[in-house]
Amino acid sequence: MKKLEIVGFKRANLGTKSANDLRNEAMAPCVLYGGSEQVHFAVPMILFRELLYSADVYEVELNIEGTKYRAILQDAQFHPVNEMIYHVDFLEIQKGKPIKIAVPIKVTGNSPGVIKGGKMVQKLRKVTLRGQAENIPDFVTVDISGLDLGQTVKVNKLAVEGCEILNPMSNPVATIDIPRALRGKLTA
C-alpha cells in the first residue's frame, strides 16, 4: 500500500454544534477506532485531496498532536449538495490483526476477442480483501489475454497471496461483449 501522512488536532468538544463549527473553519471532524480507545480529532479538509479523490489504497500515518497511529480510511461522508467533507472514519492498524479493505483491479493483456471487434467491459472495479496490512497490494491484476468473444473472467480466477478475497467467487470481473454488428455474422 502507498503511504500518506495526515496531521490532525484533538477535539475538545464533541457534538453537532462543535462539528459544524469545525466544518465552517474548513476542518473535517474525524474519529480513529479499532485500537484501545477511540480518538476524536479534526484535520484540515485540504489534506484529504490525495486520499479521498484517488482510486489508490493508502496506509495513513496519523500524527495527532505528536502521537502517531497507523491507520486506513474506513469511511468518508459528504454533504449531499455541496460535496463538503462531513466526517471521516479511520481504522487503526494493529500488529497481528487482519484488516478488510477494497483494492482496485487493474486489467492487463490484449484479448483476441477485442482484436476481433468485441468490447471489453470491466464489471468490477474493486475487490474486497482481508489480510495483514503488510500483505495488502496496491492493486489486483487481471489478465484478459485468453478471453475470446463472449467470455468472462470471474473473481475465482483472482489470486492474492497472503489475503482472502471476500467478494462472491461467481461475480464477473471483466467480459468481452459481442457487438450487435458481429452477432449476425457469428450466427450466419
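## Exposure and the helix pair

A residue counts as buried under 20% relative accessible area, as exposed over 50%, and as partly exposed in between. With a relative accessible area of 33%, Asp 21 is therefore partly exposed. Please keep in mind that this is a predicted model.

Asp 21 has a salt-bridge partner, Lys 17, with the closest N and O atoms 3.3 Å apart. Lys 17 is exposed, at a relative accessible area of 62%. Both residues sit in helix α1 (residues 16–24), and because they are four residues apart there, about one helical turn separates them.

## Other salt bridges

Altogether, the structure holds eight salt bridges. One of them joins Glu 59 to Lys 3, where the closest N and O atoms are 3.2 Å apart. Glu 59 belongs to strand β4 (residues 58–64) and Lys 3 to strand β1, so this pair ties together parts that lie 56 residues apart in sequence. The two ends differ in their surroundings: Glu 59 counts as buried at 9% relative accessibility, whereas Lys 3 counts as exposed at 61%.

Glu 61 and Lys 68 also meet through their side chains in a salt bridge, at 3.4 Å from N to O. Here Glu 61 is partly exposed, with a relative accessible area of 32%, and Lys 68 is exposed, with 52%. Shared salt-bridge partners also link Lys 3, Glu 59, Arg 70 and Glu 134 into one network.

## Two nonpolar cores

Now for the interior. The largest nonpolar core has 29 residues, and Met 1, Leu 129, Ile 136 and Leu 158 have the most contacts inside it. At least two residues of this core come from each of β7 (99–108), β9 (126–131), β10 (140–143), β12 (163–165) and β13 (172–177). Strand β7 gives the largest share, four residues.

Leu 129 is a good residue to click on: beyond its neighbours up to four places away in sequence, its contacts include Ile 99, Ile 101, Val 103, Ile 136, Val 140 and Ile 165. There is also a second, separate core of 21 residues, with Ala 28, Leu 32, Phe 41 and Ile 64 among them.

## A surface patch and a histidine

Val 7, Phe 9, Ile 46 and Leu 47 make a nonpolar surface patch of about 340 Å². Phe 9 is part of strand β1 (residues 2–10) and is partly exposed, at a relative accessible area of 42%.

His 87 lies in strand β6 (residues 85–92). Its side chain makes a polar contact of 2.9 Å with that of Asp 89. Setting aside neighbours within four places in sequence, His 87 is in contact with Pro 29, Cys 30, Val 31, Asp 75, Ala 76 and Gln 77.

How values were computed
Residues are numbered from 1 along each chain as its sequence is written. This is a predicted model: local features need pLDDT of at least 70, side-chain atom pairs count only at pLDDT 80 or more; totals for chains, interfaces and linings use all residues. Side-chain values use heavy atoms; hydrogens and water are left out. A nonpolar core is a set of buried Ala, Val, Leu, Ile, Met, Phe, Trp, Tyr and Cys residues joined through side-chain atoms within 4.5 Å. Buried means under 20% relative accessible area, exposed over 50%, partly exposed in between (1.4 Å probe, protein chains only). Contact means heavy atoms within 4.5 Å. Patches are made of residues with over 30% relative accessible area and no salt bridge: like charges are joined within 9 Å, nonpolar side chains (Val, Leu, Ile, Met, Phe, Trp, Tyr) within 5 Å. Accessible areas come from the Shrake-Rupley method with a 1.4 Å probe; for residues, only the protein chains shown count as cover. A salt bridge is a side-chain nitrogen of Lys or Arg within 4 Å of a carboxyl oxygen of Asp or Glu. A polar contact is a pair of N or O atoms within 3.5 Å; within protein, one must be able to donate a hydrogen and the other to accept it, and residues adjacent in sequence count only if both atoms are side-chain atoms.
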